[in-house]
Amino acid sequence: MNRSGIAVKHWIIKEKIIKKNILVISDDIYLNFGNFRLKGKGGSGGHNGLKNIEKEIGTSHYARLRFGINKNFLSKKIDSYVLENWKNEEIEYLFPKLDIGIKIIFSFVKNGLHKTMNRFNRHNT
């Protein structure tokens, strides 16, 4: 994930993808577990994968769908926290949330960024 910008850049060039059609999906420790946030641009929020994408494609103007994983790592390093297995109670809570994520992705493809943001962001903090 930390070097995902290389793959994003490769496919942009190979498939001649315009940046408004890119949707990057990533975890976010600053969002509550299971919540989504869709944005059309922004900083990395300390996320190394997003930093690398920005570096490789030369802009922070691309859509990103962030999925909240919360910041329950307290005494652990962030790397260890984001790579550990889901807890059973998280898995049970996760599946209904994934349906929302799928709807967001399909809406982005069909309706574009702004309509999708208007539809989903206000219901999902």
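Let's start on the outside: Trp86, Ile91, Phe95 and Leu98 come together as a nonpolar patch on the surface, and between them they offer about 370 Å² of accessible area. Keep in mind while you look around that this is a predicted model. One member of the patch, leucine 98, sits in helix H4, which covers residues 88-111. Its relative accessibility is 35%, so leucine 98 counts as partly exposed.

Now for the charged side chains. How many salt bridges does the structure hold? There are two.

Take the pair of arginine 66 and aspartate 28, whose closest N and O atoms are 2.4 Å apart. Arginine 66 belongs to strand E3 (residues 63-68) and aspartate 28 to strand E1 (residues 23-28), so this salt bridge ties together parts that are 38 residues apart in sequence. Are these two partners buried or exposed? Arginine 66 has a relative accessible area of 18%, so it is buried, the cut-off for that being under 20%. Aspartate 28 is buried as well, with a relative accessibility of 7%. What you have here, then, is a salt bridge with a buried arginine and a buried aspartate.

The other pair to look at is lysine 55 with glutamate 56, where the closest N and O atoms are 3.9 Å apart. That still makes a salt bridge because the limit is within 4 Å. And how open to the outside is lysine 55? Lysine 55 has a relative accessible area of 62%, which means it is exposed, since exposed starts at over 50%.

Key:
Residues numbered from 1 in each chain as written. Predicted model: local features only at pLDDT ≥ 70, side-chain atom pairs only at ≥ 80, totals over all residues. Heavy atoms only, no water. Helix = DSSP H or I, 4+ residues; strand = E, 2+ residues; numbered from the N terminus. Buried < 20%, exposed > 50% of the residue type's maximum accessible area, 1.4 Å probe, protein only. Patch = residues over 30% accessible without salt bridge, like charges linked within 9 Å, V, L, I, M, F, W, Y side chains within 5 Å. Areas by Shrake-Rupley, 256 points an atom, 1.4 Å probe, with all protein chains shown as cover.
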